[in-house]
Amino acid sequence: MQVQIRVNGKSVTVDAAPHTLLVHTLREHLKLTGTHVGCDTAQCGACTVMVEGRAIKSCNVLLAQVAGCEVTTIE
């Protein structure tokens with residue numbers, strides 16, 4: 001499935017499986033490796049990014065859930 005999001009001010013379209021996590025999209029599809037996978041259970045916060053101005057743990061959010069949103073990473 002194709003999902004359009006805005007990452008660090010740039011519009012991108014990502015073609016990924018429906019169950020793809022936001023953290024994996026950022027790291028594997030977009031090569032933005034500042035966002036880390038720590039615990040995979042939303043406990044440690046290593047995967048935290050800003051979505052529409054709110055801090056979220058990207059290991060707990062599907063890419064499809066942020067379609068059309070502004071995502072800001074540590075980069």
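V51 has R54 as its bridge partner in strand β4. This is a predicted model, where local features need pLDDT of at least 70, side-chain atom pairs count only at pLDDT 80 or more, and totals for chains, interfaces and linings use all residues. Residues are numbered from 1 along each chain as its sequence is written, and side-chain values use heavy atoms, with hydrogens and water left out.

Strands β3 and β4 run antiparallel, joined by four bridges. Pairing takes at least two DSSP bridges between two strands. The two strands form a hairpin with two residues between them. Strands are DSSP runs of E, at least two residues long; helices are runs of H or I, at least four long; both are numbered from the N terminus.

Two residues have a positive phi:

| Residue | Place | Phi |
|---|---|---|
| E52 | turn of the β3–β4 hairpin | about 55° |
| K31 | just after α1 | about 60° |

Next, helix α1, residues 22–29. Its buried residues are L22, V23, T25 and L26. They fall within an arc of 165° seen down the axis, so they line one face of the helix. The arc is taken from the directions from the helix axis to the C-beta atoms. Their cover includes β1, β2, β3 and β4.

M1 lies in the segment before β1. At 39% relative accessibility, M1 is partly exposed. Buried means under 20% relative accessible area, exposed over 50%, partly exposed in between (1.4 Å probe, protein chains only). M1 touches V14, D15, A16, P18 and A64, leaving out residues up to four places away in sequence. Contact means heavy atoms within 4.5 Å. M1 and H19 are 18 residues apart in sequence and 10.0 Å apart in space, C-alpha to C-alpha.
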